[in-house]
Amino acid sequence: MTDDPLSGLTGSQRTAVAHVDGPMLVLAGPGSGKTRVITHRIARLIASGVRPERILALTFTNKAAEEMRSRLRGMDVPPGALLCTFHSLCVRILREFAVRAGLPSGFVIYDQSDQKAVLTDVLREEKLDAKDFPPARVLRQISVLKNHMLAAAEGASRGLVDLPPVLLSDVSAAYQKKLAAAGALDFDDLLVRTARLLDEDAELRERLSRRRLYLLVDEYQDTNACQYRIARSLASGHDNLFVTGDPDQSIYGWRGADIENILAFERDFPAAPVVRLEENFRSSPQVLRLADELIKANARRKEKVLIARKPEGRAPRLFRFLDERDEARGTADWIRGLHEGEGLDYRRMAVFYRTNAMSRVIEEALIQAAVPYQIVKGVEFFHRREVKDALAYLRLLLNPADEVSLLRVINRPARGIGDTTVERLQAQARSLCLGLGDVLKDPSGVPGLTPAAGSRIGKFVALIDDLRTHLDRPVAAIARDVYIRSGLKDAFIQEKDPDAAENVEELIRSAAQYDEEEAEAASAAEGVELRGLAGYLQRTALISDIDSYDEQAGAVSLMTLHSAKGLEFEAVMIVGVEEGIIPHARSVEDGRDLEEERRLLFVGITRAERFLALSHAISRAIHGGPRPAMPSSFLRGLTGLDVVSTVPFAPSLSEAPSRPFRTPRGFVPDWAAPKAVAPAAEPETMSGFRIGQRVRHPALGEGRIEAFVSGGTAGRAVIQFDKGARLIMGLMAAKLEPLD
């Protein structure tokens with residue numbers, strides 16, 4: 001080990017790193033060196049004589065785990081400590097103790113599209129119309145119950161689900177039965193099955209607790225009921241549970257995270273010392289003051305002071321735009337201005353938004369401005385049709401019971417096994433209580449099946465069986481063989497779809513990279529339980545959005561506020577800071593945790609190092625048409641913002657609602673409407689327009705010119721719009737269309 005793990009640390013960091021036995025809570029504000037504390041504590045434990053394999057550190061992203069590994073390598077810390085995500089740990093435990101968990105050791109992991117396919121089948125069998133019970137909505141409610149480890153009736157009584165409990169319970173049971181028949185688990189099952197296994201198997205709980213004597217949990221504020229119970233079980237024999245987190249950054253309640261886990265840590269461990277990391281090494285004082293002002297409005301938090309260690313910088317800006325296109329152009333201009341005027345690299349800039357749908361107009365504006373960008377949404381690659389097809393073949397080779405994969409590829413590319421044939425095969429499987437794969441092996445007894453169809457099925461089965469006999473090769477070789485022999489490659493050529501072909505080639509390249517990494521891990525004796533194709537498929541199943549972020553890409557990063565967690569940029573623009581967006585409309589309508597929405601904005605703000613901008617528009621296209629928009633209630637009362645408006649008489653911060661505001665349908669607020677019009681002496685016409693003329697605005701719709709504002713050279717008019725807004729606008733800049 002090259003350095004003393006305690007050197008170069010602040011006093012509070014040193015206190016946390018030097019801690020050895022017993023529980024500890026580290027309240028780590030944004031930019032306070034949390035990752036540094038975790039890695040230095042691991043190094044300190046090993047330096048003090050703890051064997052590396054006795055240490056387990058749990059994170060929430062693969063990226064965070066890899067950053068910790070990289071830092072430890074840079075410190076020449078002996079390898080052996082296990083640093084991984086909760087989901088990766090659960091996969092390890094469930095595979096190692098599959099018999100105890102009642103699982104096949106080769107279980108597959110279903111992603112969201114796989115889950116939807118299974119649930120759609122369940123709804124069809126239960127004779128439930130997918131229009132009344134959208135699969136995505138039902139899956140969300142099943143997920144909520146799993147993450148809270150609740151039955152449907154209890155979930156309903158607590159207001160967590162709104163579907164009828166009996167129906168939800170029946171559908172959930174049928175869904176789980178289908179997963180079990182396919183030898184599959186979904187993401188939530190990984191956590192639930194592990195938590196229950198550790199709860200119910202005392203001998204195993206004790207064994208695993210002895211195996212890893214020092215447990216570190218990062219981002220403890222984001223743990224859900226399952227993760228909380230897993231961590232408590234693994235530390236049950238020694239209580240060496242060291243957790244870091246920040247209640248002010250708890251933003252995953254919608255997927256089951258429970259902020260009470262960190263707020264109640266001192267109740268769970270009364271003797272646990274609490275260390276506060278309050279010195280911020282990331283952001284300017286101006287950024288931190290804004291963040292502090294914002295988050296102080298929350299009640300459910302642990303008080304701490306953010307102390308800036310960077311010099312004074314530029315005041316954060318609040319841009320007010322006409323609509324989302326104006327906002328996108330303004331965002332592109334701001335980014336180019338920082339790049340050309342301040343010399344900032346594009347890779348050190350980011351744009352955050354509340355939902356992925358908001359990225360489209362920003363992309364268009366960046367393209368027009370010749371600004372390079374990357375969208376941080378990694379799982380999308382693995383959800384592309386052609387990539388899913390190739391992966392389905394690979395999964396089917398490993399797991400013949402995987403009917404979701406089988407149904408996906410049985411006629412992809414087209415091989416004459418159409419929907420009618422598949423429906424007959426499925427009906428036969430149901431009538432005989434067999435798996436679909438079993439029926440395919442001998443389809444001769446299937447009613448209505450023609451000999452020609454039987455022959456085509458036989459060829460498909462023979463292809464899969466032959467591919468299955470060569471699984472001891474490198475994954476890239478298996479993937480390329482599947483790509484060619486399945487007919488996918490020829491199909492893309494015939495379909496003239498070079499993008500699909502390139503995406504599958506990229507998948508094969510990722511498999512080759514995995515082969516190289518696996519060889520290096522094997523030579524270093526650092527391998528994991530699964531290798532080869534099974535290990536590769538496990539890796540692709542556990543990938544997350546943030547894993548696609550490439551800080552060396554030389555491009556502006558576009559991502560949701562949730563994806564921004566754990567990252568930092570020199571310049572950050574947060575768009576759409578409006579009522580209905582942040583806080584999100586569902587939070588208001590469903591009565592959900594508005595404090596979490598405020599924490600989400602806090603997370604976005606504290607990603608910025610030097611330059612920060614927020615924006616809102618007065619009109620935004622939502623659900624197909626322009627709608628009036630209002631500044632977020634979270635902006636009310638904030639000081640230190642440098643307001644820049646491209647729209648005359650846009651709403652001010654004082655006009656932002658004091659509490660979350662729900663706009664009545666068809667209502668347009670009269671924001672700062674002018675109280676006086678030009679005197680009678682003003683001209684009746686201006687710039688080709690006249691008083692009383694009907695006009696149309698591209699975002700605000702139709703209206704009538706009431707008067708011209710004095711100072712005619714500016715070409716400004718008072719316009720009363722039919723939807724209610726009364727604004728002063730520049731006649732040329734507003735792109736008004738005369739209607740009469």
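## A pair of residues to start from

In strand 16, Ala-571 finds its bridge partner in Phe-611. Keep in mind as you look around that this is a predicted model. Ala-571 belongs to strand 15, which covers residues 569-574 and runs parallel to strand 16, with 5 bridges joining the two. Phe-569 is another residue to look for here, as it stands opposite Ala-608 in strand 16.

Now turn to strand 11, made of residues 317-321. Strand 11 is also parallel to strand 16, and 5 bridges join this pair. Here you can find Phe-319 opposite Ser-615 of strand 16. How many of the 10 residues of strand 16 are buried? The count is 9, so to speak a strand that is mostly covered, running from residue 608 to 617.

## The sheet of seven strands

Let us place these strands in their sheet. Strands 15, 16 and 11 follow one another in an open sheet of 7 strands, whose order is 13-14-12-15-16-11-19. The pairing in this sheet is parallel. At the edges you will find strand 13 (373-375) and strand 19 (642-645), each of which pairs on one side only. If you ignore direction, neighbouring strands of this sheet are turned by 20° against each other on average.

## The sheet of six strands

There is another open sheet to explore, formed by 6 strands in the order 3-2-6-7-1-8, again with parallel pairing. Why is one side of strand 3 and of strand 8 left without a neighbour in the sheet? Strand 3 (82-85) and strand 8 (274-277) stand at the edges, and each has a single partner strand, so one side of each stays free of a sheet neighbour. From one strand to the next, the twist averages 15°.

For strand 8, you can follow the pairing with strand 1, which holds residues 24-28: the two pair in the parallel sense over 4 bridges. To see one of the matched positions, find Leu-27, whose bridge partner in strand 8 is Arg-276.

## Two helices to visit

Helix 4 spans residues 86-96 and is mostly covered, with 9 of its 11 residues buried. Which residues of helix 4 are buried? They are Phe-86, His-87, Ser-88, Leu-89, Cys-90, Val-91, Ile-93, Leu-94 and Arg-95.

Next, look for Asp-121 in helix 6, which covers residues 112-125. Is Asp-121 buried or exposed? Its relative accessibility is 14%, and because buried means under 20%, Asp-121 counts as buried. The side chain of Asp-121 also has a polar contact of 2.4 Å with the side chain of Arg-124.

## Spaces inside the model

Finally, have a look at the enclosed spaces. The model has 3 cavities of 30 Å³ or more. The second largest cavity holds about 40 Å³ of space.

Which residues line the second largest cavity? The lining is made up of Arg-314, Ala-315, Arg-317, Trp-334, Phe-611 and Leu-612. Of these lining residues, 4 are nonpolar and 2 are charged, while no polar residue takes part. You have already met Phe-611 as the bridge partner of Ala-571, and here Phe-611 appears again in the lining of the second largest cavity.

Note on methods: Residues are numbered from 1 along each chain as its sequence is written. This is a predicted model: local features need pLDDT of at least 70, side-chain atom pairs count only at pLDDT 80 or more; totals for chains, interfaces and linings use all residues. Side-chain values use heavy atoms; hydrogens and water are left out. On a 1 Å grid over the protein atoms alone, a cavity is a set of points where a 1.4 Å probe fits but cannot get out, and a pocket is an open set with protein on both sides within 12 Å along at least five of seven lines; lining residues have an atom within 4 Å of a point. Grid points are joined across faces, edges and corners, and a volume is the space filled by probe spheres set on the points. Ala, Val, Leu, Ile, Met, Phe, Trp, Tyr, Cys and Pro count as nonpolar, Asp, Glu, Lys and Arg as charged, and the others, Gly among them, as polar. Buried means under 20% relative accessible area, exposed over 50%, partly exposed in between (1.4 Å probe, protein chains only). A polar contact is a pair of N or O atoms within 3.5 Å; within protein, one must be able to donate a hydrogen and the other to accept it, and residues adjacent in sequence count only if both atoms are side-chain atoms. Two strands pair if DSSP finds at least two bridges between them. Axes are lines fitted to C-alpha atoms, for helices over the stretch in contact, and angles run from 0 to 180 degrees between N-to-C directions.
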